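Me: I'd like a close look at one part of this protein, the place where two of its pieces pack together. Could you walk me through it in plain words?

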Amino acid sequence: MLLITSIIASALTIIFIKLSFAVIGLRRKNKVGLGSGGHDDLERAIRAQGNFAEYVPFGIILIACLELNDAPWLLVAIPGIALIIGRLIHAKGINTPPPDFSKRVLGMKFTFYTLIALVALNLGWVLYALLG
């Protein structure tokens, strides 16, 4: 069963929906059907949502792989929590005018280090399981 992955994926989906509603709200407010229409706040919202959509699927797949391969729950939960934290910090940093690059960079570091850790954990766990 993918219990931990389901919880993490659900939390990330809620964040994605919130980011999507922010884009929709700003499109309505600024009467923009496509693109940002030159509105900085809308451009930031679009990029926060897009960046989220670009990175999160890899994390969810790697978390699910760990859980499917019967890794201990902490090896599944901790990177999942780190991914959630990283994406929240990044979204906050990119959406705060002017863009708060320190939070944006911190959020990306959380995300990249988490993805790298997930790759290492998956490879390490598979080797452990094969050689075990």
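To get my bearings, how many helices and how many strands are there in the protein? And then, at what angle do helix H2 and helix H4 pack?

Reply: Keep in mind that this is a predicted model. The protein has four helices and zero strands, so reading along the sequence gives you the pattern α-α-α-α. Its C-alpha atoms fill a box of roughly 60 × 30 × 20 Å along the principal axes. Of its 132 residues, 39% count as buried.

Now for the close-up. H2 covers residues 40–68 and H4 covers residues 101–131. Their axes sit 9 Å apart, and the two helices pack at an angle of about 25°. Angles under 35 degrees count as roughly parallel, and that is why H2 and H4 are described as roughly parallel to each other. The crossing of H2 past H4 is left-handed.

Who actually touches whom? On the H2 side, the residues in contact are Asn51, Tyr55, Phe58, Gly59, Leu62, Ile63, Cys65 and Leu66. Across from them, H4 brings in Met108, Thr111, Phe112, Leu115, Leu118, Val119, Leu121, Asn122 and Trp125. Sort this contact by class and you get 13 nonpolar residues, four polar ones and no charged ones.

Zooming back out, take the contacts in the protein between residues at least 6 apart in sequence: 65% of them join residues at least 24 apart. As for the outside, the accessible surface comes to about 7800 Å², and 73% of that belongs to carbon and sulfur atoms.

Terms used: Residues numbered from 1 in each chain as written. Predicted model: local features only at pLDDT ≥ 70, side-chain atom pairs only at ≥ 80, totals over all residues. Heavy atoms only, no water. Axes fitted to C-alpha atoms, helices over the stretch in contact; angles between N-to-C directions. Parallel < 35°, antiparallel > 145°, perpendicular 65-115°, else oblique. Left-handed = near helix turned anticlockwise from the far one by under 90°. Contact = heavy atoms within 4.5 Å. Nonpolar A, V, L, I, M, F, W, Y, C, P; charged D, E, K, R; others polar. Buried < 20%, exposed > 50% of the residue type's maximum accessible area, 1.4 Å probe, protein only. Areas by Shrake-Rupley, 256 points an atom, 1.4 Å probe, with all protein chains shown as cover.
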